[in-house]
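I am opening a notebook on a structure that is new to me. I will look things up piece by piece and write down what I find.

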Amino acid sequence: MAGPLEQGVRIGLSAVVIALRDREACVLTTPTDHGALALPFGPFDPARDRTFELALRAFVTAQTGFRLGFVEQLYTFGDLGRASPRATPGPERHREVSVGYLALTADAPDAPLAGARWTPVLDIFPWEDRRDGAAACVATLLDGLAAWAGHDPRRRLRVDTLFAATPAHRWSESRVLERYELLYEAGLVAEAARDRDAPPPSGAPGRSMASDHRRILATGLGRLRSKLKYRPVLFDLMPQTFTLSELQAAAEAVAGLSLHKQNFRRGVERTGLVEPTGRLSAATGGRPAELFRTTDGDLSAADALGLPLPAQR
């Protein structure tokens with residue numbers, strides 16, 4: 001039997017690349033050889049690759065034709081039993097470790113390489129979309145979670161807290177990963193059945209992904225939602241000029257929330273992050289709207305503020 005040193009460790013790199021398309025937050029995806037949905041993913045070769053980031057940029061472009069802009073490291077995923085979605089079967093035993101990165105882009109043309117595409121994030125996590133109230137799948141999920149929790153008070157508290165299942169609990173949009181891991185533990189998502197060599201649950205919501213890529217994406221979406229409140233990251237997804245309605249739609253698409261229009265606009269004005277251009281947009285389909293741009297200055301500076309997320313009541 002191989003010992004720990006004989007098993008070896010493979011290091012891979014995963015990219016969560018998020019953009020806005022048609023007022024929806026989308027993630028760049030590629031298919032595996034078996035047709036499963038996956039994030040751009042590639043191996044790190046310590047003998048060839050100078051840095052993680054350079055290797056990441058090279059294989060994302062090779063797989064999708066898309067060139068990354070700014071990226072930040074998310075997390076290192078190394079749970080026992082995880083496997084690369086493009087691993088070649090063989091007798092060797094390796095521990096698979098993946099370093100995840102988050103990238104945002106305002107430029108999201110159709111991916112030029114076959115198979116690469118922009119997939120709506122909320123198609124993958126439909127329970128995270130509360131722009132028109134709780135999604136239709138949530139009632140079914142809560143029934144499944146109630147059956148899983150039974151009379152265990154700790155399980156019931158997790159369900160109530162994460163899914164705001166009672167009036168005493170408030171929805172926290174940033175806890176994406178915790179909600180996904182709860183659904184996985186309860187066996188209500190397709191990946192849970194796959195990893196247990198069991199048939200997929202009937203009507204499992206959302207689009208499943210290869211390996212643990214839905215978990216990596218949940219980490220990236222949760223990170224982005226958290227940063228909206230204290231860093232002006234939303235502007236990394238916006239074109240050079242935009243209307244305030246477009247800015248609000250972008251915030252709603254990322255946060256999965258319906259925001260109060262006037263409170264959002266007043267909050268944006270208070271931040272001092274945008275200024276009018278003196279021009280109007282005729283692309284609204286109705287009355288022309290004023291175009292804005294970000295103010296001059298370093299939006300990454302320590303004193304730069306996030307945008308308000310005043311939920312619609």
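**Entry 1: a buried arginine.** I started with Arg-225, which counts as buried because its relative accessibility is 0%. The model is a predicted one, and I keep that in mind for every value below. I looked up where this residue belongs and found Arg-225 in helix 8. For a polar partner of its side chain I found the backbone oxygen of Glu-173, which lies 2.9 Å from a polar atom of the Arg-225 side chain. I then listed what Arg-225 touches, leaving out residues up to four places away in sequence, and the list includes Leu-122, Glu-128, Ser-174, Val-176, Arg-179, Val-254, Ala-255 and Gly-256, as well as Glu-173 itself.

**Entry 2: the helix that carries it.** How many residues of helix 8 are buried? I found 14 of the 16, so helix 8 is largely enclosed by the rest of the structure. I also checked its length: at 1.5 Å a residue, helix 8 (residues 213-228) should span 22 Å, and its end C-alpha atoms are 23 Å apart, which agrees.

**Entry 3: arginines over a ring.** Arg-179, which I had met among the contacts of Arg-225, turned up again when I looked at Trp-171, for Arg-179 lies over the face of that ring at 3.7 Å from the ring centre. Arg-130 also lies over the face of Trp-171, at 4.2 Å from the ring centre.

**Entry 4: aromatic pairs.** I searched the whole structure for aromatic pairs and the search gave eight. One of them is formed by Phe-66 and Trp-118, whose ring centres are 5.5 Å apart and whose planes stand at 85 degrees, so I recorded the pair as edge-to-face, the cut-off for that being over 60 degrees. This pair links distant parts of the chain, since Phe-66 sits in the loop between helix 2 (52-64) and strand 5 (71-77) while Trp-118 is in strand 7 (residues 117-120), 52 residues apart. I looked up the burial of both residues, and Phe-66 and Trp-118 are each buried.

The rings of Tyr-180 and Tyr-184 have centres 6.4 Å apart and planes at 50 degrees, so I noted this pair as tilted. Both tyrosines lie in helix 6 (residues 176-185), four residues apart, which is about one turn of the helix. Are Tyr-180 and Tyr-184 buried or partly exposed? Tyr-180 is buried, with a relative accessible area of 5%, whereas Tyr-184 is partly exposed, with a relative accessible area of 27%. Following the ring pairs further, I found that they link Phe-125, Trp-127, Tyr-180 and Tyr-184 into a cluster.

**Entry 5: strand 1 and its partners.** Which strands pair with strand 1? Strand 1 (residues 9-21) runs parallel to strand 6 (residues 95-104), and 10 bridges join the two; within that pairing, Ala-15 has Tyr-101 as its bridge partner. With strand 4 (residues 41-43), strand 1 pairs in the antiparallel sense over three bridges, and there Ser-14 stands opposite Phe-41. With strand 2 (residues 24-31), the pairing is again antiparallel, over four bridges, and Leu-20 stands opposite Ala-25. Strands 1 and 2 form a hairpin with two residues between them, and Asp-22 in the turn has a positive phi of about 50 degrees.

I followed one side-chain contact between strands 1 and 6 as well. Ser-98 is found in strand 6 and counts as buried because its relative accessibility is 0%. Its side chain makes a polar contact of 2.7 Å with the side chain of Ser-14.

**Entry 6: helix 2.** I checked the length of helix 2 too: at 1.5 Å a residue its 13 residues should span 18 Å, and its end C-alpha atoms are 18 Å apart, which agrees. In helix 2 the buried residues include Ala-55, Leu-56, Phe-59, Val-60, Thr-61 and Thr-64. The buried residues of this helix pack against strand 1, strand 2, strand 4, strand 5 and strand 6. Just after helix 2 comes Gly-65, whose phi is positive, near 80 degrees.

**Entry 7: one more arginine.** Last, I looked up Arg-266, which is found in helix 10 (residues 261-271) and counts as partly exposed, at 42% relative accessibility. Arg-266 and Pro-308 are 42 residues apart in sequence, and their C-alpha atoms are 9.0 Å apart in space.

How values were computed:
Residues are numbered from 1 along each chain as its sequence is written. This is a predicted model: local features need pLDDT of at least 70, side-chain atom pairs count only at pLDDT 80 or more; totals for chains, interfaces and linings use all residues. Side-chain values use heavy atoms; hydrogens and water are left out. Rings of Phe, Tyr and Trp (its six-membered ring) pair if their centres lie within 6.5 Å; planes under 30 degrees apart count as stacked, over 60 as edge-to-face and the rest as tilted. Buried means under 20% relative accessible area, exposed over 50%, partly exposed in between (1.4 Å probe, protein chains only). A charge sits over a ring if NZ of Lys or CZ of Arg is within 6 Å of the ring centre and within 35 degrees of the ring normal. The expected span of a helix is 1.5 Å times one less than its number of residues. Two strands pair if DSSP finds at least two bridges between them. A polar contact is a pair of N or O atoms within 3.5 Å; within protein, one must be able to donate a hydrogen and the other to accept it, and residues adjacent in sequence count only if both atoms are side-chain atoms. Contact means heavy atoms within 4.5 Å.
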